[in-house]
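Visitor: I would like a close look at a single part of this model, taken slowly and with the residues named.

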Amino acid sequence: MKVTKENGDNQQVVLTIEVPVEDWSKAINEAVKRIANHVNIPGFRRGKAPRRIVEQHVGKEAVLDEAYEKVGPKYFNEALKEENLDMATYPAFERVTVEEGKPLVFKAVVTPKPEVKLGEYKGLVIEKKVDEVTDKEVDEHIDKMRERHAELVPAAADAEAKSGDMVTLDFKGFVDGEAFEGGEGKDYPLTLGSNTFIPGFEDQLVGAKVGEERDVNVTFPEDYQEKKLAGKPATFKCTVHTIKHKELPELNDEFVQKVSVFKTVDELKKDVKEKLVKAAETKAENEQRVAAIDKATANAEMDVPPVMVDDRVHQMIEELAMRIEQRGMKFEQYLQYSGMDLEKIKEEYRETAEKNVKTDLMLEAVAKAEDIKVTSEDIDNEIAMMSQMYGAQPAQVKKIINEQGRIGDLAVTVMRRKTAKFIVDNIKAAE
């Protein structure tokens, strides 16, 4: 095999790979046998038709394609090893000479992973900031519990609606003096201050009384999903039918016993404070962990190929589309309703994608420098966690991963996690 390497655009490398004529001829003969074993040729048992008949039946190009598809990847992988290249993305191939009796020649355009020059990653000084839990926060948490058990009580006949009240109303919207489709509602329930309507709408109903008619003047946001209304001023003629106030239960031992396993207010407050303290500690640890990885990434030097960032953006959009569709909505519908377009989302994701790529490259470099390995036990533990998440048996999950050829990707994920833990475990406490 002969390999020639040239530098291409955007940090790419072009490999010209030449397969010896003897190996190419052998691959062609093996391709003929495979095809003969898989097609029905009248007058011949499978695998018994001579080469001339096989080529007449499927065409010589099909034979050469079959041979190339088998031999090309093998020699490409050997070329990567010979040139000591680690691919960042899937390569693009171009056939140059695919003829019998001549060496097979093809090109592969490869984007290698960039060289990473590690900076400081061990012994990083990262402060862990644990927020103090105050009595006020405890009271606010308990007030939320009271909110969840609040009752809606009809307001007095002459009461004015205030923020937090539930009102029912009729409304009809007009733009340029004309009613528009979708702008009308009857006995519509609305919690004032919930910000579920157009900005400014709910605020203008504060102070209204039952039976009162009000004109609410608003302007539709520029990015409103209905393009015909975006940015336009509108008037909604509203009539309030009912007003209900939230009535919170009194905080006493009886309430505590009703909503928890505790018997007294003091016991509940003590438990809430302990949980908030634990949550504050967990939050501080997570923030310290993220800060350490970010600092190790910032300390490393690398020139990330644009295609790696493009691929990560594409992956992030695919994941977003999958989450949207799991909620029962088509991705195209989401774009339409949110007023977003694909190019805008790509641009918004680009900075995060670049940061994520740099972090992954840094972690891989640290793993290599520290000889961090992924064992079969690590893989089994990861599969066990995945099986618990999906409610399946570990053997089933492992079988699916192997069938999809994703065991390598899983190993990389585990390796990065182990390496991140190594960096975090070596943090030095700030004085």
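Which helices each supply at least two residues of the lining of the largest pocket?

Guide: In this predicted model, the helices that each supply at least two residues of that lining are H7 (306-326), H9 (342-369), H10 (376-390), H11 (394-403) and H12 (407-425). The largest share comes from H7, which contributes 9 residues. The pocket itself has a volume of about 1,400 Å³, and its lining comprises 36 residues, among which Gln315, Glu319, Asp409, Thr413 and Arg416 lie nearest the centre. By residue class, the lining divides into 16 nonpolar, 8 polar and 12 charged residues.

Some of these helices also appear in the largest nonpolar core, a set of 33 residues in which Phe331, Met362 and Ile423 have the most contacts inside the core. The elements that give two or more residues to this core are helix H6 (265-299), H7, helix H8 (331-338), H9 and H12, and of these H9 gives the most, with 9 residues. H7, H9 and H12 are thus named both for the pocket lining and for the core.

Ile423 offers a more local view: leaving aside residues up to four places away in sequence, Ile423 touches Tyr121, Leu124, Ala292, Ile293, Ala296, Met362, Leu363 and Val366. Apart from this core there is a second, separate one of 31 residues, which includes Val3, Trp24, Leu85 and Val110. As general background, nonpolar side chains in soluble globular proteins tend to be buried together.

How values were computed: Residues are numbered from 1 along each chain as its sequence is written. This is a predicted model: local features need pLDDT of at least 70, side-chain atom pairs count only at pLDDT 80 or more; totals for chains, interfaces and linings use all residues. Side-chain values use heavy atoms; hydrogens and water are left out. On a 1 Å grid over the protein atoms alone, a cavity is a set of points where a 1.4 Å probe fits but cannot get out, and a pocket is an open set with protein on both sides within 12 Å along at least five of seven lines; lining residues have an atom within 4 Å of a point. Grid points are joined across faces, edges and corners, and a volume is the space filled by probe spheres set on the points. Helices (H or I, at least four residues) and strands (E, at least two) are DSSP runs, numbered from the N terminus. Ala, Val, Leu, Ile, Met, Phe, Trp, Tyr, Cys and Pro count as nonpolar, Asp, Glu, Lys and Arg as charged, and the others, Gly among them, as polar. A nonpolar core is a set of buried Ala, Val, Leu, Ile, Met, Phe, Trp, Tyr and Cys residues joined through side-chain atoms within 4.5 Å. Buried means under 20% relative accessible area, exposed over 50%, partly exposed in between (1.4 Å probe, protein chains only). Contact means heavy atoms within 4.5 Å.
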